[in-house]
Structure formats: C-alpha cells, structure tokens
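User: Please explain the terms used to describe this structure, and set each value against its definition.

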There are 2 protein chains.
Amino acid sequence: MEQTRREKEIQELKELIIAQSWLIIKNEGWQALSIRKIADAIAYSSPTIYKHFENKEAILAHFSKEGYLLLDQAIQESLNNAQKGEAQVRAIAKAYWQFAATHVHHYRIMFGLGIPACETINSSYEMKITSSHILEAITNTLSIANNSIANEHQKLKTFWSMLHGFIAIELLSNNDISKQIPETVEDAVEGFIFTLKYNK
Amino acid sequence: MEQTRREKEIQELKELIIAQSWLIIKNEGWQALSIRKIADAIAYSSPTIYKHFENKEAILAHFSKEGYLLLDQAIQESLNNAQKGEAQVRAIAKAYWQFAATHVHHYRIMFGLGIPACETINSSYEMKITSSHILEAITNTLSIANNSIANEHQKLKTFWSMLHGFIAIELLSNNDISKQIPETVEDAVEGFIFTLKYNK
DNA sequence: TATTTTTGTTAACAGTGTTAACTTTATAAG
DNA sequence: CTTATAAAGTTAACACTGTTAACAAAAATA
C-alpha cells in the first residue's frame, strides 16, 4: 500500500520535529524552544509543525510523557532486585533521585519547573502509572510492619512530595545535580520509613 | 527642598507600578504580567517603567523579596509562642504551610514555580535570613536531644526541601491549597523530628 | 531669560505563538 | 493519461512579547 509509505514519511517528520526539539532543549533549555527555531532546524516553515502537533505545549507534553515512562522504567528496574518492604522504598528513592539527576531536562518539563501552564502539560495519566508502582512498595512495607491504620495513598503523596522537594530545591540553584543520592535525602527517607513502621 | 517632593513623586510612581503589577498577577497569574499591560494600568507609556525597574524580572524579583519578608515574619511570629525544641519545628512547619496557602502568588514567584529564569530572580540573600531563623529551631532541638553528630545545615536543607515538596506538588495540580496544614505534612514533620532525635 | 537636565513620548527592532489564504504537489477518479 | 480532488507546505499577517534608540516636552538650574 502506498498510504503506509506516506504515513511513514509523516511519522518520520514528526520524529524529526521531536529530535530537533530535544536538541534545542538539551542545549538551550526548554524556555528557548520556539516553533520558528524548530522550523529552521527541520528545514520547513513554521506552520508545518502544526500539522504534527496541536501547539508548542503539545511538544513539551510529549517530553513530559516520555519522562514519566523513563521514570517508571527506572523505578521498576530498581524493584527487580528482589527486595521486600522498606528496602524497596529505599531503592525507589535512589532510582528517583538518579532519574532526576540524569534526566534533568525531562524532570523540569514533567514537574513544571518553569512551565507557564503546567496544568495542561501535566499528564496525570502517566503520573498514575508510576504512582501505582511506588504504592506497591509502600503497601508492602506497611503490611510487613502490621500498620493497618496508616493510609497508603497519603504515604505515597508524602514520599513523592519529599523526593520532589529535594530535587526542586536542588534544581533551583544548581543546573546539574549529583548523580549519587545525597545523605540528606537518604536520611529523610529513613524518617519516612520510620513513620511507615511506627506511626500508628 | 523641592527635590524631596520630586523624589516622592518618583517613589509614588514606583509604588503605582508595583500595585498595578500585583493586581495583574493576582487576577491573571504572574505569567500574564507584561510591561505593556502595566503601562496601560498606570496610564504611562511602556518605556517609563524602565526608569523605575531595570526590566520585567526586576519587578518579579521585588515580589520575591517581599514574599521572603512575609515568610520570615510568619516564621518569627510562630516562634514567639515561647516554645522550645521540637515544638518550634512543628510551629515553623505550620507557619510555612500557612504562608504558602495564603500567599500562593508570592510562593510561586519565590520558588520559580513557572519562572523561566529563576537563577536571576532567586534572591538568595532573603532566603538566608529566613534560613537562619529555621536553623535556630533545628539546632535547639538537636542540642536538647544531645545529638551532636547530625549536621544542622543538612537538617535545615532536608526540612525546607520536605516542606517545599509538599507545597510544590500541591500547586502543580490545584491552584488553591488548604489553609490548614494537612495530616500528611504533619506526619512527615514527625518523621523529620525523629531523625533529629534518634538518627545519630 | 537661556541652557541644561530630566521625564515621558513615539517608533522601531527582534522576537514570540498561531492562523488565514494561497500555491504547489501528490493522490484518486474518470 | 488527463482531470478533479485532497493533502502538504508555503508566505503573509495578526496580535502579542521585552527592550531600546531617538526625539519632544517639561522642569530645574545657571
């Protein structure tokens, strides 16, 4: 069929837009991304981009989604090391930090660190998938500690907020952050685990 | 002296710029703030604004500074209730949350929640003043618990990151946040206090 | 009163996202 | 194989953005 060839060409152009957009973001930051700059890079006129993406935010939303997939992947891999309970919580924290450290640009887009209209971008669907995986580790730890009072969803939110807080503060001043999880974060994670085990 | 009258007029115009800027921010969010919009509101041409502020970011930086002053004020007031040690930590957490809940726009500007160039705005000087007041409460708690191993500066960073994390996550989805400090935050604060007392 | 300084203006530059109108190219039908 | 139709990609424009240079009007100084 000829249509599939055409469709392939369209797909390739879309991927070219994505690739060139990412190059701009990587080199100049997401705030430097502009439709005209992408158009220059792909050697097309700017309105062409609107045939592949609804608007500029849709392009950034693509990287937000991509980031959540990468994060989820990293978390799942860290859980494959057959640990149970609180060790899983520690593993997630480590994976989360390392993801943010290695994918700073993704992280900034995902959590609206500088995004004007974060509401539209924030793809809560992708966030929920990642959430469910973290939730498992927390539920696990709670049941091992016989903690039936604590709300696991609240604990999840606490855990995520904590981790995000460290990274957000880090990204406020420094552009790059240490790939090794800092003692402060590990310390805070221990405090969190404490509330999982003994705060009933 | 006639010069003071002129200086007063200049000061008044600057305050008018600030007042009208804040109106725009309050009604449409900081991302809607534009030089031309301010110019319209104060009934002057746009280049006039540059006589009073170096650029647009300087106007936002003004609100960032103002926010830090308000935050510091709230924290200091919360400490006036003659508590000592960990009660102070709890009081600060409460005050911090309430500040963010009542001054959402200030908070967004202060912590670059949507700010393109947060580096230039982030007035680390104001941040340090607030820091020193929080540090006191932490040092206090550590000494009461006879914890001489823990680094108080690290603990401060942990505490701040934690609090900010909760608020940042909250502001990502909702525009308004509950004025009452949530259980989750109080819970996390307890976990943090635990690391102050027993993590040696 | 004449001169200098300050204040505020208009106009412009170089950008931004986005869209309407038009042309060119490719596909489908007769 | 030509013609009608649909899609792709273009230019030009709209309505904005921050910022600055050049100029006019008003005030302060000599």
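Analyst: The answers below take up the helices, the two copies, their contact, the domains and the DNA surface in turn. This is a predicted model, in which local features need pLDDT of at least 70 and side-chain atom pairs count only at pLDDT 80 or more, while totals for chains, interfaces and linings use all residues. Residues are numbered from 1 along each chain as its sequence is written, and chains are lettered from A and ligands numbered from 1 in the order in which they are written.

User: Why are helix 9 of chain A and helix 10 of chain A called roughly antiparallel?

Analyst: Helix 9 (residues 152-173) and helix 10 (residues 183-198) of chain A pack at about 170 degrees, with axes 11 Å apart. Helices are DSSP runs of H or I with at least four residues, numbered from the N terminus. Axes are lines fitted to C-alpha atoms over the stretch in contact, and angles run from 0 to 180 degrees between N-to-C directions. Angles over 145 count as roughly antiparallel, and the pair is therefore given that name.

User: Which residues make the contact between these helices of chain A?

Analyst: Two residues are in contact if their C-beta atoms, placed from the backbone, lie within 7 Å. Helix 9 of chain A contributes A:Lys155, A:Thr158, A:Phe159, A:Met162 and A:Phe166, and helix 10 of chain A contributes A:Val185, A:Ala188, A:Phe192 and A:Leu196. Seven of these residues are nonpolar, one is polar and one is charged. Here Ala, Val, Leu, Ile, Met, Phe, Trp, Tyr, Cys and Pro count as nonpolar, Asp, Glu, Lys and Arg as charged, and the others, Gly among them, as polar.

User: What makes the two copies related as by a two-fold rotation axis?

Analyst: A turn of 180 degrees with a shift of 0.0 Å along the axis lays chain B on chain A with an RMSD of 0.0 Å. The copies are thus related as by a two-fold rotation axis. The superposition is by least squares on the C-alpha atoms of residues with pLDDT of at least 70 in both.

User: How do you know that the copies meet through the same surface?

Analyst: Because 100% of the interface residues of chain B are also interface residues in chain A, the surface is the same. Each chain gives 31 residues to the contact. On the chain B side, helix 9 of chain B supplies the largest share, 12 residues.

User: Which residues come nearest to DNA strand D?

Analyst: A:Ser45, B:Ser34, B:Ile35, B:Asn55 and B:Lys56 come nearest, out of 18 residues around the strand. A residue is near a strand if its C-beta atom, placed from the backbone, lies within 6 Å of it. That surface has six nonpolar, six polar and six charged residues.

Terms used:
Helices (H or I, at least four residues) and strands (E, at least two) are DSSP runs, numbered from the N terminus. Angles under 35 degrees count as roughly parallel, over 145 as roughly antiparallel, 65 to 115 as roughly perpendicular and the rest as oblique.
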